[in-house]
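Ready to explore a fold by working through a few exercises? Have a look at the structure first, then try each task before reading its solution.

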Amino acid sequence: MVEAMSIASMERTEGGDLAPIAITMGCPVGIGPEIILKFATSYQGPLVPVVLGDAQVLQRTAQLLGLVVGVIPWQPGIQHRPGTILIHQPLYPSDMVFNASDLVWGQPNSGSGQIMAACIEEAVRLVRDGYFSAMVTCPITKAALNDAGYLYPGHTEMLADLCHAKEYAMMMAGRTLRVTLVTIHQGLASVVANLKTEAILRLIKLTGESLRIDFGLSLPRMAVAGLNPHAGEGGLFGDEEERIITPAINAARAEGWQVAGPFPPDTVFHKAVSGEYDAVICMYHDQGLIPFKLLHFEDGVNVTIGLPIVRTSVDHGTAYDIAGQGKANPASLCAAFDLAAEIAGNRQCQREA
């Protein structure tokens with residue numbers, strides 16, 4: 001749906017220094033443009049952040065925030081300087097009529113959805129072609145994405161489709177806790193019916209591979225949370241631990257993974273935060289996200305594991321209620337950028353070893 005901008009004259013980065021890292025703008029009427037400006041204009045690290053986004057939107061946001069920002073078209077070899085933003089703007093669909101001044105903060109539409117999609121598609125293409133080492137995504141809205149003709153349930157599924165990835169999962173990563181989720185966005189009443197031994201085993205293996213390759217842990221230690229209070233108390237409070245979860249753990253151990261459990265959910269996160277485990281495999285969304293966000297509400301990072309490319313994301317939504325007000329905190333974007341660089345560096349070391 002999007003005609004990609006030609007970059008035939010660009011040179012890829014082959015080995016050695018890490019290639020630039022793409023940051024997709026996300027929804028242009030959410031807080032994505034604001035946190036990008038706050039991050040990119042103050043960043044003083046050795047890497048090169050390149051924004052995949054719309055120059056008009058960023059300039060409009062900078063004016064609103066009272067920031068003096070140099071918006072510079074990106075070409076390989078250009079170095080980032082504080083106070084500037086390097087931008088690569090994808091070509092939009094030919095039938096799209098867009099003017100940044102027509103956008104209203106907090107009110108997405110099909111046009112904003114097309115911009116979001118164009119930036120994501122272009123970033124994936126450039127990472128896969130070696131121009132960027134990783135991509136960091138700012139938040140989008142699924143409704144506007146669907147209105148623009150991209151019928152995905154979310155950001156992660158779109159990326160998996162673009163990368164032709166069959167086995168992938170969401171990991172929430174912070175300095176003290178990492179969690180992955182067997183079931184994600186579904187009603188709590190449907191969780192038990194969707195818990196399968198095969199799915200738990202698959203997630204244990206995906207989590208272990210990511211810890212080993214992306215996080216550089218040669219012998220990752222994983223804990224599995226039970227579903228029921230006290231992990232079922234020997235079947236007194238439910239038999240899912242014995243019937244569904246334990247067989248997955250045993251199968252993973254047979255394949256050589258260091259994995260323990262199922263542990264009572266009210267104690268397993270303390271074990272992980274205390275350093276006994278490198279990640280916790282959780283049975284449902286809130287089981288993992290409540291303790292994670294308690295610890296990492298501002299600096300948590302969403303990592304899509306199982307993709308052939310490196311993708312991290314901020315751990316928050318579009319925050320339409322504060323968009324355009326100068327209140328957005330870029331801490332999660334800073335953390336997502338740093339983690340993308342760490343993972344990309346670890347993968348590069350693996351390739352060069």
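## A residue in a loop

Ala319 sits in the loop that links β12 (311-314) to α11 (331-352). Keep in mind that this is a predicted model.

**Exercise 1.** Decide whether Ala319 is buried, partly exposed or exposed, and find what marks its phi.

*Solution.* Start with the relative accessible area, which is 23% for Ala319. Buried would need a value under 20%, and exposed one over 50%. Ala319 is therefore partly exposed. Next, look at the backbone: phi of Ala319 is near 50°, a positive value in a residue other than glycine. Most residues other than glycine have a negative phi.

**Exercise 2.** Do the same for His164: where is it placed, and is it buried or exposed?

*Solution.* First the place: His164 belongs to the loop between α5 and β6. Then the surface: its relative accessible area is 63%. With the cut-off for exposed at over 50%, His164 counts as exposed. Finally the backbone: phi of His164 is near 55°, which is positive although the residue is not glycine.

## The sheet

**Exercise 3.** Work out which strands stand at the edges of the sheet.

*Solution.* Write down the strand order: β3-β4-β2-β1-β5-β12-β11-β6-β7-β10-β8-β9. These twelve strands make an open sheet with mixed pairing. Now read off the ends. β3 (70-73) and β9 (258-263) are the edge strands, each with a single partner, so one side of each has no neighbour in the sheet. On average, neighbouring strands are turned by 30° against each other, direction ignored.

Take one pair from the order: β6 (residues 169-173) and β11 (residues 301-305) pair in the antiparallel sense over five bridges. Within this pair, Ala173 stands opposite Val301 in β11.

**Exercise 4.** Find the cis peptide bond at Pro262 and name the residue that it joins to Pro262.

*Solution.* Go to strand β9, where Pro262 lies. The cis bond joins Gly261 and Pro262, with omega about 0°. Most peptide bonds are trans.

## Helices that pack together

**Exercise 5.** Classify the packing of α9 against α10 by its angle.

*Solution.* Begin with the geometry: the axes of α9 (residues 265-273) and α10 (residues 285-296) come within 11 Å and cross at roughly 45°. That angle makes α9 oblique to α10. The crossing of the two helices is right-handed.

Then list the residues that meet. From α9 come Pro265, Phe269 and Val273, and from α10 Gln287, Gly288, Pro291 and Leu295. Sorted by class, the contact of α9 with α10 has five nonpolar, two polar and no charged residues.

Now follow one of them, Leu295. It is partly exposed, at a relative accessible area of 42%. Leaving out residues up to four places away in sequence, Leu295 touches Thr176, Leu177 and Val273.

**Exercise 6.** Repeat the analysis for α3 and α5: how do they lie to each other?

*Solution.* The axes of α3 and α5 (residues 155-162) are 11 Å apart, and the helices pack at an angle of about 40°. α3 and α5 are therefore oblique to each other. Their crossing is right-handed.

For the contact, Ala117, Ile120, Glu121, Val124 and Arg128 in α3 meet His155, Met158, Leu159 and Leu162 in α5. By class, the contact of α3 with α5 has six nonpolar, one polar and two charged residues.

Definitions and conventions:
Residues numbered from 1 in each chain as written. Predicted model: local features only at pLDDT ≥ 70, side-chain atom pairs only at ≥ 80, totals over all residues. Heavy atoms only, no water. Axes fitted to C-alpha atoms, helices over the stretch in contact; angles between N-to-C directions. Helix = DSSP H or I, 4+ residues; strand = E, 2+ residues; numbered from the N terminus. Parallel < 35°, antiparallel > 145°, perpendicular 65-115°, else oblique. Left-handed = near helix turned anticlockwise from the far one by under 90°. Contact = heavy atoms within 4.5 Å. Nonpolar A, V, L, I, M, F, W, Y, C, P; charged D, E, K, R; others polar. Pairing = 2+ DSSP bridges. Buried < 20%, exposed > 50% of the residue type's maximum accessible area, 1.4 Å probe, protein only.
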